[in-house]
Amino acid sequence: MDAIKKKMQAMKLEKDNAMDRADTLEQQNKEANNRAEKTEEEIRITQKKMQQVENELDQVQEQLSVANNKLDEKEKALQNSEEEVHNLQKRMQQLENDLDQVQESLLKANIQLVEKDKALSNVSEAGPVAGAGAPRLHPELAPSRIPEATNVARSRA
């Protein structure tokens, strides 16, 4: 009987040890499950944040694309404007050159007119009949105004 009692006490001790071990393992399992749930929650939160960041990235990339398109349009408009300014400057230079030529021609014509007027005056002084039929000059082309026009043309040249 002592052997049975000893055997029962050994089995009871073994049972108590097994129960203690089971309780310990259950507690470790609960703690592991809690850590797993917290980790899964952190993963869900991180995935949600990552999705938000991806959405923001898509929006920023779209805005960048729109801004680049606008920049391209503005650069083309600037290039067209610069080309137009260049063409207008060339046209202005051509017009200034033409004006200079016209002023030079006008100056020459005025000088010739003055010379012819003097010649006509000399001829009219020589005889009364020669000057009677001569046409009269327009008031702006009168010899007294010719030097004035000549000075203006010289100052522009």
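Okay, let's start with one residue: Arg 44 has a relative accessibility of 45%, so we call it partly exposed. Keep in mind as we go that this is a predicted model.

What does Arg 44 form a salt bridge with? The partner is Glu 41, and the closest N and O atoms of the pair sit 2.5 Å apart. Glu 41 is partly exposed too, because its relative accessible area is 36%, and that falls between the 20% and 50% cut-offs. Both residues belong to helix 1, 3 residues apart, which means about one helical turn separates them. That spacing makes sense, since an α-helix has 3.6 residues a turn, so residues three or four places apart point the same way. And how many salt bridges does the count come to? Just 1.

Now, helix 1 itself. It runs over residues 2–126, so 125 residues in total. At 1.5 Å a residue you'd expect a span of 186 Å, and the C-alpha atoms at its ends are 180 Å apart, so the two figures agree.

Which residues of helix 1 are buried? Here's the list: Gln 103, Leu 107, Asn 110, Val 114 and Asp 117.

Let's move to the charges on the surface. Asp 16, Asp 20, Asp 23 and Glu 26 together make a negative patch. Take Asp 20 from that group: you'll find it in helix 1, and with 46% relative accessibility it counts as partly exposed, because that value lies between 20% and 50%.

Finally, let's zoom out to the whole protein chain. It has 3 helices and 0 strands, so reading from the N terminus the order of elements is simply α-α-α. Of the 157 residues in the chain, 6% are buried. The accessible surface adds up to about 14,200 Å², and carbon and sulfur atoms account for 54% of that.

That's the tour, from one arginine out to the full chain. Happy to go back to any part of it.

Definitions and conventions: Residues numbered from 1 in each chain as written. Predicted model: local features only at pLDDT ≥ 70, side-chain atom pairs only at ≥ 80, totals over all residues. Heavy atoms only, no water. Helix = DSSP H or I, 4+ residues; strand = E, 2+ residues; numbered from the N terminus. Expected span 1.5 Å × (residues − 1). Buried < 20%, exposed > 50% of the residue type's maximum accessible area, 1.4 Å probe, protein only. Patch = residues over 30% accessible without salt bridge, like charges linked within 9 Å, V, L, I, M, F, W, Y side chains within 5 Å. Areas by Shrake-Rupley, 256 points an atom, 1.4 Å probe, with all protein chains shown as cover. Salt bridge = Lys/Arg side-chain N within 4 Å of Asp/Glu carboxyl O. Lys, Arg positive; Asp, Glu negative; His and termini not counted. Charge placed at Lys NZ, Arg CZ, Asp CG, Glu CD.
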